[in-house]
Amino acid sequence: MRTRNILSWRVLAFVVLALIGPNVYAQSAQGERRMMMPPEKIALRFPAGKNVVEVPFEVDRDLMLIRLSLNDSRPLRFVLDTGSQGTILNNPSVADSLHLNFVGTVQVRGTGSGPMGSASIAEGVSFDIAGIALKGARLAVQPLRAGSPFSEYDGVIGRSVFDNLVAEVDWEKQLIRFYDPARYVYTGTGAILPLTFDEGGRPYTTARVVVAGGEAVPVKVVVDTGASHALALDIGSHPGLRLPEGATPAVLGIGGNGEVRGHRGRVKSFQLGGYTLKDVPTSFPDASAGTAGIGGRQGNLGDAALRRFKIIYDYSRKRMIVEPNRFLNEPFGSPNLQSTIASLPTITTSTGALQDYVGRYGNKEISVRDGGLYYQRIGGRGAALRAIAQDKFALNTDAQITFVRDTKGIVTEMLIEWVERDKERLKRESPAAGQSQSQPAQPGMK
């Protein structure tokens, strides 16, 4: 099983199958018939006496996950996605208990080359995010195809949140502060960048990229917290954009409609709001992405780059504000790590020695299966690990995992070095009562 980068999934267009209600229709520039839904009329209410609420978020594959309730449901895990023009529920088992007011059915198209799917549209939905009430929202219910990365979460939420709240995303603390836009005043010293929006409400800003040499190319990019990559650029959208030397053909990720193919490489630098990111891993999708030219864009800016800033999304004033954080100058993985991992021979280890590593590390779990070590994201995909050195394992050719021991030889941490993503350092949770602790390294690995 291969772990892949996730390209952002969202509804790029609604093509009408059947719809009940006073919705307005229009023709796109390409002649494809799209359903242009009227804006949501959401009533916003903060908890009594508050105009700001702090909400922690979970990070999974560089995506932000928050907890929210729909129509007084149990807390659900939703990807917070600036690139999503609506709210999508992926979990049909939840939908049955929400007493939804369905008004029609439409076809939907997401990123990728596969066939379109269908979604049921409900209106008058209520969201609750840590006590913030958003009433009168619209919801698309679409069970995703098997294997789609977003099927591991309950849903995706975007415009309903960002149109109605100022969101300050603090990646260092993994915390979002939601403000009432009418009372929000920015007093910091960050760079203020104007935002523009396409017909689906997706935000765009401008930046500069140096692919090779010294020429800085101005680019218009989608600001996309629903994409785990750092940067994607559309070749041909600007004369100065071309494949960098050494770019290789690749399956770039899995979108809502299937695989997205193209090339993978690195650009020399990317400049956002006066701050420069260097040696940025970049995807160059081909036509299978289905996104080229949308909104006059040249590319897509994802979370692996955005996490290097504290970012304030203020749609009410058509701006985003970026403040650098401690991640700003961290390197983007190792460009040579993939070939290094592939070249390392497999070593043998005893089942007893493998027990040293078994346990839960944040949202990851390590176990022993079929005589080998197994890596599993909680609630997600898993894969067998290949031993390559003492306390070191390969996750396919996507990452190198190193287990860190304390002075007593007990495994306490797991360091994951991803090929195209930032490193993860995860502490090992203490075993449950009655469960034995790992023992110091045994001479079983050679």
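This report walks through a four-stranded sheet, two loop residues with positive phi, and the largest pocket of a predicted model.

**The sheet**

Let's start with the sheet. Strands S27, S28, S29 and S30 line up in that order to make an open sheet, with antiparallel pairing. The edges belong to S27 (359-361) and S30 (382-384); each has a single partner strand, so one side of each is left without a neighbour in the sheet. Going from one strand to the next, the twist averages 25 degrees.

Between those edges, have a look at S28 and S29. Strand S28 covers residues 364-369 and strand S29 covers residues 372-377, and the two are joined in the antiparallel sense by six bridges. If you want a spot to get your bearings on this pair, try isoleucine 366, which stands opposite tyrosine 375 in S29.

**Two residues with positive phi**

Next come a couple of backbone oddities. Histidine 99 has a positive phi although it is not a glycine, and lysine 318 is likewise a residue other than glycine with a positive value. Here they are side by side:

| Residue | Phi | Loop between | Relative accessible area |
|---|---|---|---|
| Histidine 99 | about 55 degrees | helix H1 (92-95) and strand S10 (101-109) | 74% |
| Lysine 318 | near 50 degrees | strand S25 (309-314) and strand S26 (319-324) | 54% |

So are these two buried or exposed? Exposed counts as over 50% relative accessible area. Histidine 99, at 74%, is therefore exposed, and lysine 318 also counts as exposed, at 54%.

**The largest pocket**

Now for the empty space. Rolling a probe the size of a water molecule over the atoms shows where such space is left. In this model, the largest pocket holds about 540 Å³. Its lining is made up of 20 residues, and the ones nearest the centre are Gln174, Arg307, Lys423, Glu424 and Arg425.

Which elements give two or more residues to that lining? They are strand S6 (58-60) and strand S35 (424-427). S35 provides the largest share, with three residues.

And what sort of residues line the pocket? By class, 13 are charged, five are nonpolar and two are polar. The residues nearest the centre include Arg307, Lys423, Glu424 and Arg425, and Arg, Lys and Glu count as charged. If you are browsing the structure, strand S35 (424-427) is a handy place to pick up the pocket lining.

Technical notes:
Residues are numbered from 1 along each chain as its sequence is written. This is a predicted model: local features need pLDDT of at least 70, side-chain atom pairs count only at pLDDT 80 or more; totals for chains, interfaces and linings use all residues. Side-chain values use heavy atoms; hydrogens and water are left out. Two strands pair if DSSP finds at least two bridges between them. Helices (H or I, at least four residues) and strands (E, at least two) are DSSP runs, numbered from the N terminus. Axes are lines fitted to C-alpha atoms, for helices over the stretch in contact, and angles run from 0 to 180 degrees between N-to-C directions. Buried means under 20% relative accessible area, exposed over 50%, partly exposed in between (1.4 Å probe, protein chains only). On a 1 Å grid over the protein atoms alone, a cavity is a set of points where a 1.4 Å probe fits but cannot get out, and a pocket is an open set with protein on both sides within 12 Å along at least five of seven lines; lining residues have an atom within 4 Å of a point. Grid points are joined across faces, edges and corners, and a volume is the space filled by probe spheres set on the points.
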